[in-house]
2 protein chains.
Amino acid sequence: MPEFNHVTVTKAANIYFDGQVTSRTLTFADGSRKTLGIMQPGEFEFGTQAAELMEILSGELDVRLPGEDGWRRVRGGESFEVPADSKFSVRVLTLTDYCCSFLS
Amino acid sequence: MPEFNHVTVTKAANIYFDGQVTSRTLTFADGSRKTLGIMQPGEFEFGTQAAELMEILSGELDVRLPGEDGWRRVRGGESFEVPADSKFSVRVLTLTDYCCSFLS
């Protein structure tokens, strides 16, 4: 099974939307960060600071990216990028497991 | 913030009860394992193989341990141990963030 080695994990979870979205922060030796998270079914809007690569590990959701009017269906095994300093919305259809990489 | 250093994290989440309980597995250099998890409000029964130390990082739940009739209230900052090869039940009152250590 894919794994991340030699990382630091912050013990406490990141908790958003009353626990409908939660994640753990992983910090790598080079200082870069990723979060591994779970989104419960529902609709959520997020804001980015750094650009983000969102890898969907399992589950199914629709995403509306900044500057796009329509929603895009994303499934496990697929990913999408979000520019820095922008907002994006998701409609989580089934429980979604994700890995978010913060792009410098 | 408390953190775990030099660990290996399995990328995919452990998902139980349709996503009402989810966790990430951390493996340490000495081969020991912990999971960092989230329990949504609800009632769940778990089975252990190895004995477990359950540290409640935040949230509130009632737990019924094997051999005990009553429920015990456990809050963030508190913990409980569960013997190997046994079952225990939880009634999660508020979203609960936990760290489970598998005791050899």
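User: What makes A:Val21, A:Thr22, A:Ser23, A:Arg24, A:Thr25 and A:Thr35 contacts of A:Asn14?

Analyst: Contact here means heavy atoms within 4.5 Å. With neighbours within four places in sequence left aside, A:Asn14 is in contact with A:Val21, A:Thr22, A:Ser23, A:Arg24, A:Thr25 and A:Thr35. Do keep in mind that this is a predicted model, where local features need pLDDT of at least 70, side-chain atom pairs count only at pLDDT 80 or more, and totals for chains, interfaces and linings use all residues. Residues are numbered from 1 along each chain as its sequence is written, chains are lettered from A in the order in which they are written, and side-chain values use heavy atoms, without hydrogens and water.

User: Why is the pair A:Asn14 and A:Thr25 called a polar contact?

Analyst: The term asks for a pair of N or O atoms within 3.5 Å; within protein, one must be able to donate a hydrogen and the other to accept it, and residues adjacent in sequence count only if both atoms are side-chain atoms. The side chains of A:Asn14 and A:Thr25 make such a contact at 2.9 Å, so the pair fits the definition.

User: Where does A:Asn14 lie?

Analyst: A:Asn14 belongs to strand 2 (residues 14–16) of chain A. Strands are DSSP runs of E with at least two residues, numbered from the N terminus.

User: What makes B:Asp97 and A:Arg24 a salt bridge?

Analyst: The rule wants a side-chain nitrogen of Lys or Arg within 4 Å of a carboxyl oxygen of Asp or Glu. For B:Asp97 and A:Arg24, the closest N and O atoms are 2.5 Å apart, so the rule is met. Across the interface of chain B and chain A, the rule finds 4 salt bridges. The polar contacts between these chains come to 19 residue pairs, both residues at pLDDT 80 or more.

User: Which strand of chain B gives the most to the side that touches chain A?

Analyst: That is strand 1 of chain B, with 8 residues.

User: How do you know how much area the two chains bury?

Analyst: Buried area is the accessible area (1.4 Å probe) that two parts lose on being put together, summed over both. For chain B and chain A this is about 2400 Å², with 59% of it on carbon and sulfur atoms. In chain B, the residues that lose the most area to chain A are B:Val9, B:Lys11 and B:Arg24, together 27% of what that side buries. The contact takes 30 residues from chain B and 30 residues from chain A.

User: Why are strand 1 of chain A and strand 1 of chain B said to pair?

Analyst: Two strands pair if DSSP finds at least two bridges between them. Strand 1 (residues 3–10) of chain A and strand 1 of chain B are joined by 5 bridges and run antiparallel, so they qualify. A:Phe4 stands opposite B:Val9 there. Within chain B, strand 6 and strand 9 pair in the antiparallel sense over 12 bridges, and B:Arg64 stands opposite B:Ser89.

User: How do you know how the two copies are related?

Analyst: Copies are superposed by least squares on the C-alpha atoms of residues with pLDDT of at least 70 in both. Chain B can be laid on chain A with an RMSD of 0.0 Å by a turn of 180° and a shift of 0.0 Å along the axis. The two copies are therefore related as by a two-fold rotation axis. Of the residues of chain B, B:His6 comes closest to that axis, at 2.1 Å (C-alpha). The same surface serves both copies, as 100% of the contact residues of chain B recur in chain A.

Notes. Helix = DSSP H or I, 4+ residues; strand = E, 2+ residues; numbered from the N terminus.
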